[in-house]
Structure formats: C-alpha cells, structure tokens
Amino acid sequence: MTNIAAAGTFALGDHLVNRMGFGAMQLAGPGVFGPPKDRGTAITILREAVDNGVDHIDTSDFYGPHVTNQLIRDALYPYPDNLVIATKVGAIRGPDASWKPAMSREALTRAVYDNLRNLGLDVLEVVNLRSMFNMIGPAEGSIEEPLTVLAELQQQGLIRHIGLSNVTLGQVAEGLSIIEIVCVQNLYNLAQRQDEGLIENLGLAGIPYVPYFPLGGITLANASRLKEMARDLVATPLQIALAWLLHRSPNLLLIPGTSSLGHLRANLAAAALRLPDEFVVELNEFAT
C-alpha cells in the first residue's frame, strides 16, 4: 500500500483531499478518443488508485467522449463518501476527434447533464469551466457569460463548486469577481511556469492550483541531470518531477494520469519522495 498521505492535504471545495490525485484523461483511447485498448486494466487502475488513498479524480465527459466518466462509474460506483470527482465543461469532440469550443448556454447545460448521467450522480462536486478562446492555451476573452450559466446550474442544485481551467490572470480575476472559484487548473510543470505569480496569489487565498501536464517539461537539456538525481534517490525522473511540484507550494494538487498500472504505482510513490535542498534549488532553475 502506497502512503500518498505523506504529501499532505489541501482543501478542495468542502473536502480536504490528498494532494496526490489522479487524472482520468489517459484512460480513453489514443488521442483521448474512443474506448481504451484494455478496459479491464482501466477499471483496475481506478480501483487501485482509490484503494491507495486517491480521493480526487479529474475527468470530463469530453474525454472519449463519455468514455472516462463511464469507466469511473463502472469502476467506483457507489462512490466513497470522501471521493471528489472534478469534471470540465466548455469543449466537445468532433467525429474526427477534433476539440471544439462549446461555451454557449445550451452546450454548457447539455454538458452538465451528460456528466451527471455518465457519472451516475445527482450533483457534480466540482465543475471546471475550460476556457476555449484558444485551443492551445490560455487566451483573453470574457468568461462572464459561461460562468453565469454555471452559476445558475449551481443554484439549481446540479453543481456544488465551480473552478476554472486554461485561463489567464485576467480571467481568474474576472471569475473571482463573479462567483466563488474553488480551483484553477492550468498548464504547469518543471519547465513551463508562466503561472508562478498566480500560484502564490491563489495560495494566499486558500485556493488550490491543479497543474495539468505535470510530467511535461522533461527536455533534452535537463533529462540527463534528472536521471542523475533519480539514481541518487533510487527513483525515476518522472517521480522527481512530481516530487518537485509537491514541494513547490502546498496548494498544488497533482492529477498525473496514466493507462499503465506500473506508472500509476510509480506516480503514487512520488508522494513520499523527499528531495534534498540542493536538488530543489537546482530544479527551481530548470525553467530558466
């Protein structure tokens, strides 16, 4: 049994969750489209993650589409009382596996009901609005209208908490002026650190920051040094990357995903990995 509690906890909405969670995206087929190659393994991964203390799972009904939510339901329903399932709305998949914006009132309402149905829930614990003004990364544009729609659905009792994903500093400020925001989910890893200031500000406000692609940032320039560190700690470079994120700030909640049982176990084990101070100092400089 892996001790992910060693990484500590942080509040996500009404729940205190372990900082090492799980992202379900990679459980879908190639390109996050269609069913998994091995459905049995996907089910086992979800169950083993929860058995090892994971109480925060990130998903979306546009993964597949519908695939990861249905896997989560089949693997874990009825859900443990302490399990927080955070989902995302704001996009849809085309028949060619393309990603398309879906931020209209009708699209967001349909997405919330799709998530409820495929997860087998009466209320969604956390719904992140994924800003889709740019398909690649954050881009400016007002999120007032889609947030207002989610706020109305929250008032109807279909959503408990609302978060943001793929957003700029300005959009975070706009969101906070409209409604309570319980988390922000953006790209952040060893090398991609555009959100340094945002992480600090959210931490002061007690709001978790959830980095996606947390295992990105391993490049030709830093891979050899990461391997050396990993050898010294009897770990892997990916575990070093996860451990650094956990060290970076106490309000970071990790959601590394995988379709491999071996990788799941390695990711969870990173929760107990302690980095020497000199490694931390060096890793802090990787982005520059």
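**Close-up 1. Surroundings of Gln171 in the predicted model.** Gln171 touches Ser131, Phe133, Ala139, Glu140, Gly141, Ile143, Leu164 and Asn166, leaving aside residues up to four places away in sequence. Gln171 sits in helix 5, which spans residues 169-178. Its relative accessibility is 1%, so Gln171 counts as buried. The side chain of Gln171 also reaches the backbone nitrogen of Thr168, at 2.9 Å.

**Close-up 2. The largest pocket.** This pocket has a volume of about 750 Å³. Its lining is made up of 33 residues. Nearest the centre lie Met25, Arg130, Leu187, Tyr212 and Phe213. Strand 10 (residues 184-187) gives the most to the lining, with three residues. By class, the lining of the largest pocket holds 18 nonpolar, 11 polar and four charged residues.

**Close-up 3. The second largest pocket.** Here the volume is about 290 Å³. The second largest pocket is lined by 14 residues, with Tyr79, Leu83, Leu121, Glu125 and Arg160 closest to its centre. The lining of this pocket divides into eight nonpolar, two polar and four charged residues.

**Close-up 4. The salt bridge between Arg160 and Glu125.** The side chains of Arg160 and Glu125 meet at 2.9 Å, N to O. Arg160 belongs to strand 9 (residues 159-165) and Glu125 to strand 8 (residues 124-130), so the pair ties together parts 35 residues apart in sequence. Arg160 is partly exposed, at 42% relative accessible area. Glu125 is buried, at 10%. Both residues are also among those closest to the centre of the second largest pocket.

**Close-up 5. A salt bridge within helix 3.** Arg117 and Asp114 pair through their side chains, with N to O at 2.9 Å. Both lie in helix 3 (residues 105-119). They are three residues apart, about one turn of the helix. Asp114 has a relative accessibility of 17% and therefore counts as buried, the cut-off being under 20%.

**Close-up 6. A salt bridge within helix 7.** Glu228 forms a salt bridge with Arg225, and the closest N and O atoms are 3.0 Å apart. The two residues are three apart in helix 7 (residues 220-233), so about one helical turn separates them. Glu228 is partly exposed, with a relative accessible area of 34%. Arg225 is partly exposed too, at 22%.

**Close-up 7. A salt-bridge network.** Arg39, Arg73 and Asp74 are joined into one network by salt bridges that share partners. The whole structure has 11 salt bridges.

Key. Residues numbered from 1 in each chain as written. Predicted model: local features only at pLDDT ≥ 70, side-chain atom pairs only at ≥ 80, totals over all residues. Heavy atoms only, no water. Helix = DSSP H or I, 4+ residues; strand = E, 2+ residues; numbered from the N terminus. Buried < 20%, exposed > 50% of the residue type's maximum accessible area, 1.4 Å probe, protein only. Polar contact = N/O pair within 3.5 Å; in protein donor to acceptor, adjacent residues only side chain to side chain. Contact = heavy atoms within 4.5 Å. 1 Å grid on protein atoms, 1.4 Å probe; cavity = no way out; pocket = protein on both sides within 12 Å on 5 of 7 lines; lining within 4 Å. Points joined across faces, edges and corners; volume = space filled by probe spheres on them. Nonpolar A, V, L, I, M, F, W, Y, C, P; charged D, E, K, R; others polar. Salt bridge = Lys/Arg side-chain N within 4 Å of Asp/Glu carboxyl O.
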